[in-house]
Amino acid sequence: LGTLATAFDVRLLSECASTNSELIDAPPTNDGRIAVVVTDRQTAGRGRRGRLWQSWPGGSLTFSALWRFQPGAPVPAGLSLVAGLAVVRALEKLGVEGLQLKWPNDVLVHGDKLAGILVELLPGRGRTPAAVVGIGLNLRLPAGASIPDQPGVTDLAAHLAELPDRSALLASLLAELHALFETYAAAGFPALRGAWQQRNAFADLPVRVSGEGRELDGICAGVDEDGALLIRSDDGLVRILSGEVSLRVR
Ligand code: ATP
């Protein structure tokens with residue numbers, strides 16, 4: 001683990017409600033390391049808008065990391081995109097093929113959902129602004145697992161001859177997150193935009209954006225320099241910054 005061991009403070013819990021909540025409710029004091037909580041059993045994992053994230057002991061990797069930013073740093077809107085890209089890069093290095101990103105926070109393989117990401121910002125309250133980045137990755141779904149409202153779901157076991165050791169996988173995900181967050185902090189989202197767009201699951205496809213009381217149809221035209229979604233609609237190019245909407249192919 002080398003430099004990783006000095007950069008991260010990893011806490012393993014046999015069970016918890018949500019690894020994001022662990023870090024949000026009791027943020028560890030800043031000792032210069034990145035606090036990470038990983039659990040074998042997450043009983044109340046969250047997606048966006050209060051939706052449930054399901055996981056299974058032994059069948060999932062669920063963890064969260066607390067990132068602190070320089071005081072006065074802009075609100076890190078592109079963070080969930082950067083986290084998604086880091087997951088994709090780590091898994092590509094393991095040999096997984098067909099990985100794609102769905103704006104703003106899903107990792108897919110050939111259209112099926114493999115991992116979800118939930119970024120929650122901690123209020124600054126005069127301290128260093130921070131974000132909790134939670135990742136849930138399906139390693140091996142139990143037989144007959146049913147996940148509501150999700151047209152296609154997959155797991156890592158379906159795409160690799162052999163599943164990697166869980167702590168080795170966690171270490172490579174953390175290393176990739178660390179590398180990309182450093183790039184993001186230094187150069188902003190524009191430095192990672194091209195890499196994100198290359199894996200955009202919906203590039204140039206007809207899509208529908210819904211949520212927050214409206215629906216918009218158009219062609220997915222990628223993301224802009226802030227990580228906002230771009231939709232080419234009949235009324236021109238529309239920019240969607242909020243993550244509180246859902247994207248579907250039409
Ligand atoms: P959408 O895919 O509709 O845009 P979303 O990206 O907003 O949804 P999230 O809030 O990130 O979804 O995740 C919650 C949703 O993910 C759940 O409503 C469920 O459909 C799906 N889900 C929950 N657990 C899993 C899992 N282990 N693997 C794949 N999908 C899951």
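**View 1. A hairpin links strand 12 to strand 13.** Five bridges join strand 12 (residues 229-233) to strand 13, and the two run antiparallel. This is a predicted model, where local features need pLDDT of at least 70 and side-chain atom pairs count only at pLDDT 80 or more, while totals for chains, interfaces and linings use all residues. Residues are numbered from 1 along each chain as its sequence is written, and side-chain values use heavy atoms, with hydrogens and water left out. Strands here are DSSP runs of E with at least two residues, helices are runs of H or I with at least four, and both are numbered from the N terminus. Two strands pair if DSSP finds at least two bridges between them. To follow the pairing, find Ile231, which stands opposite Val238 in strand 13. Ser233 has Gly236 of strand 13 as its bridge partner. The hairpin passes from strand 12 to strand 13 through two residues.

**View 2. Five strands form an open sheet with antiparallel pairing.** Reading across, the order is 13-12-11-10-14. Which strands stand at the edges? They are strand 13 (236-240) and strand 14 (246-249); each has a single partner strand, so one side of each is left without a neighbour in the sheet. From one strand to the next, the twist averages 45° (axes are lines fitted to C-alpha atoms, for helices over the stretch in contact, and angles run from 0 to 180 degrees between N-to-C directions). A handy reminder: strands of a sheet pair through backbone hydrogen bonds, either parallel or antiparallel.

**View 3. Seven strands make up an open sheet with mixed pairing.** Here the order is 1-2-5-9-8-7-6. Strand 1 and strand 6 (99-102) stand at the edges with a single partner strand each, so one side of each has no neighbour in the sheet. The twist averages 20° from one strand to the next. Within this view, strand 7 (residues 106-109) and strand 8 (residues 112-122) run antiparallel and are joined by four bridges. Asp106 stands opposite Gly116 in strand 8.

**View 4. The ligand sits among 20 surrounding residues.** A residue is counted as near if one of its heavy atoms lies within 4 Å of the molecule or strand in question. The closest are Arg48, Arg51, Gln54, Asn138 and Pro148. Oxygen atoms of the ligand make polar contacts, which are pairs of N or O atoms within 3.5 Å (within protein, one must be able to donate a hydrogen and the other to accept it, and residues adjacent in sequence count only if both atoms are side-chain atoms). One such contact reaches a polar backbone atom of Arg48 at 2.6 Å. Look also for an N or O atom in the side chain of Arg51, 2.9 Å from a ligand oxygen, and for one in the side chain of Asp106, at 3.1 Å. How much of the ligand's accessible area does the protein cover? The protein covers 97% of the 640 Å² that the ligand has on its own, by the Shrake-Rupley method with a 1.4 Å probe. Strand 4 (52-53) and strand 14 each supply at least two residues of the shell.

**View 5. Arg33 and Asp9 form a salt bridge.** A salt bridge means a side-chain nitrogen of Lys or Arg within 4 Å of a carboxyl oxygen of Asp or Glu. In this pair, the closest N and O atoms are 3.9 Å apart. Arg33 lies in the loop between helix 2 (19-25) and strand 2 (34-39), and Asp9 in strand 1 (residues 8-13), so the pair ties together parts that are 24 residues apart in sequence.
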